[in-house]
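Let us work through a few short exercises together. Try each task on your own before you read the solution below it.

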Amino acid sequence: MRMGTMNAPASTTFSGIKSMAGKNNLRQQQRVSTNIEVTVCNPNGNQLVCHTANLSRAGMLVECDSDHVRDILPGNSPIAPKKTVALDVKFAVPVVSVQSVNIEASCEIIHVRRVSKNRFQLGLQFTGFNGNGHDYVDQYVSRQLLRS
């Protein structure tokens, strides 16, 4: 690689889902507060409806009750950096005031936090998007940051 130039990593596609493996580290992305309904598909294929607390270009914080956590993490599997749990999520973000786009993404649970007796927060990191999902999330987060 020559000085002063950067080669953009190519994203790979597996079964129509774009891999995030070629993307730069997005952990430092700014988060925006949200209350978006998100459908989480657990490892057994069951679909659960939760809500987001925040969203960034790299992931989302999802809030749910203890029953949902038990369904998402069968056997109360511990979450650790090398032992994440893969999930699929579906949610919609507005692209204009009257129109929303549906987004399907693959995620990994990177942390679980108990915030009260029956409320939990799950930190999800995106690992891939179906179609242009990452672009839509990027546009939505950018617009929300400009408003604040």
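Below are five exercises with worked solutions.

This is a predicted model, in which local features need pLDDT of at least 70, side-chain atom pairs count only at pLDDT 80 or more, and totals for chains, interfaces and linings use all residues. Residues are numbered from 1 along each chain as its sequence is written, and side-chain values use heavy atoms, with hydrogens and water left out.

**Exercise 1: the outline**

Find out how many helices and strands the protein chain has, and in what order they run.

Step 1. Helices (H or I, at least four residues) and strands (E, at least two) are taken as DSSP runs and numbered from the N terminus.
Step 2. The protein chain has two helices and nine strands.
Step 3. Read from the N terminus, the order is β-β-β-β-β-β-α-β-β-β-α.

**Exercise 2: the nonpolar core**

Work out which residues touch the most other members of the largest nonpolar core, and which elements supply the core.

Step 1. Buried means under 20% relative accessible area, exposed over 50%, and partly exposed in between (1.4 Å probe, protein chains only).
Step 2. A nonpolar core is a set of buried Ala, Val, Leu, Ile, Met, Phe, Trp, Tyr and Cys residues joined through side-chain atoms within 4.5 Å.
Step 3. The largest core has 31 residues, and Leu 55, Phe 91, Leu 124 and Phe 126 touch the most other members.
Step 4. The elements that each supply at least two residues of this core include β5 (47-55), β7 (85-96), β9 (119-130) and α2 (133-147).

**Exercise 3: the aromatic rings**

Classify the two aromatic pairs.

Step 1. Rings of Phe, Tyr and Trp (its six-membered ring) pair if their centres lie within 6.5 Å; planes under 30 degrees apart count as stacked, over 60 as edge-to-face and the rest as tilted.
Step 2. Phe 91 and Phe 126 are 6.4 Å apart from centre to centre with 15° between the planes, a stacked pair. Phe 91 sits in strand β7 and Phe 126 in strand β9, 35 residues apart, so the pair links distant parts of the chain.Step 3. The rings of Phe 126 and Phe 129 have centres 4.7 Å apart and planes at 55°, so this pair is tilted.
Step 4. Phe 91, Phe 126 and Phe 129 form one aromatic cluster. Phe 126 is buried at 5% relative accessible area, and Phe 129 is buried at 1%.

**Exercise 4: two asparagines**

Decide for Asn 42 and for Asn 118 whether the residue is buried, partly exposed or exposed, then look up their partners.

Step 1. Asn 42 lies in the loop between β4 and β5; its relative accessibility is 3%, so Asn 42 counts as buried.
Step 2. The side chain of Asn 42 reaches the backbone nitrogen of Asn 44 at 3.0 Å.
Step 3. Asn 118 is found in the loop between β8 and β9 and is partly exposed, at 38%.
Step 4. The side chain of Asn 118 makes a polar contact with the side chain of Ser 66 (2.4 Å). A polar contact is a pair of N or O atoms within 3.5 Å; within protein, one must be able to donate a hydrogen and the other to accept it, and residues adjacent in sequence count only if both atoms are side-chain atoms.

**Exercise 5: the cysteines**

How many disulfides are there?

Step 1. A disulfide is a pair of cysteine sulfur atoms within 2.5 Å.
Step 2. The sulfur of Cys 64 has its closest cysteine sulfur in Cys 50, 4.4 Å away, which is too far for a bond.
Step 3. The count comes to zero disulfides.
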